[in-house]
Amino acid sequence: MLYVRAEQMEKMALEKQRLFPEQMISHLNETYPKRIEKQELDDAKLKAFVEESIARARTWGIESTSGIKEYLDCRLIFGFGFDLEDGCPWAAELLSNMELSGQEKAEGLAWHLVFDKDWAENPDG
């Protein structure tokens, strides 16, 4: 039987946390190359965007990797300030709803990524 000590688990969690921003940069580069070019996000700016987005997602209670990915996608698609009051009203309402869990908020973001007709025809345009 294989045993994993608590310190090994902690080390693995830290490594996963360290690699996550790079994974999200790869995801955005692969999924939205035209949007990244349109926003003039070079490697350094994209890294800063991802790190800032991860922190902002967490302020809304979104902690899961899949939820943070949805948040990153929304920021790139709907605008960097989509979650602010003067951004997308639906997003500010959804994210500020204290009755929703972080996962429920992420699911709401995912819904808009799929069904928002303003960008659905050309999500990378």
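This passage walks through the overall build of the protein and then its salt bridges.

The model is a predicted one. What turns up along the chain is helix after helix: the protein has seven helices and zero strands, so to speak an α-α-α-α-α-α-α pattern when read along the sequence. Taken along the principal axes, the C-alpha atoms fill a box of roughly 55 × 35 × 25 Å. The protein has 125 residues, and 37% of them count as buried. As for the accessible surface, the total comes to about 8,200 Å², with 54% of that belonging to carbon and sulfur atoms. Contacts across the sequence show up too: among those between residues at least 6 apart, 57% join residues at least 24 apart.

Next come the charges. Negative side chains number 25 and positive ones 15, and the centres of the two sets sit 5 Å apart. Side chains of opposite charge can pair when their charged atoms come close. Searching the whole structure for such pairs, counted as salt bridges, gives five of them.

Glu-52 is a good place to start. Its side chain meets that of Arg-56 in a salt bridge, at 3.4 Å from N to O. Both residues belong to helix H3, which covers residues 43–59, and they are four residues apart, or about one turn of the helix. Their surroundings differ in the computed exposure: Glu-52 is partly exposed, with a relative accessible area of 38%, whereas Arg-56 is buried, with a value of 18%. Arg-56 falls in that class because buried means under 20% relative accessible area.

Glu-52 has another partner, Arg-75, and here the closest N and O atoms are 3.4 Å apart. Arg-75 lies in helix H4 (residues 65–78) while Glu-52 lies in helix H3, so this pair ties together parts that are 23 residues apart in sequence. Arg-75 counts as buried, at 2% relative accessibility. The story doesn't stop with these three residues: through salt bridges that share partners, Glu-52, Arg-56, Arg-75 and Asp-83 are joined into one network.

One more pair deserves a mention. Arg-58 forms a salt bridge with Glu-63, and the closest N and O atoms are 3.4 Å apart. With a relative accessibility of 34%, Arg-58 counts as partly exposed.

Conventions. Residues are numbered from 1 along each chain as its sequence is written. This is a predicted model: local features need pLDDT of at least 70, side-chain atom pairs count only at pLDDT 80 or more; totals for chains, interfaces and linings use all residues. Side-chain values use heavy atoms; hydrogens and water are left out. Helices (H or I, at least four residues) and strands (E, at least two) are DSSP runs, numbered from the N terminus. Buried means under 20% relative accessible area, exposed over 50%, partly exposed in between (1.4 Å probe, protein chains only). Contact means heavy atoms within 4.5 Å. Accessible areas come from the Shrake-Rupley method with a 1.4 Å probe; for residues, only the protein chains shown count as cover. Lys and Arg count as positive and Asp and Glu as negative; His and the chain ends are not counted. The place of a charge is taken as NZ of Lys, CZ of Arg, CG of Asp or CD of Glu. A salt bridge is a side-chain nitrogen of Lys or Arg within 4 Å of a carboxyl oxygen of Asp or Glu.
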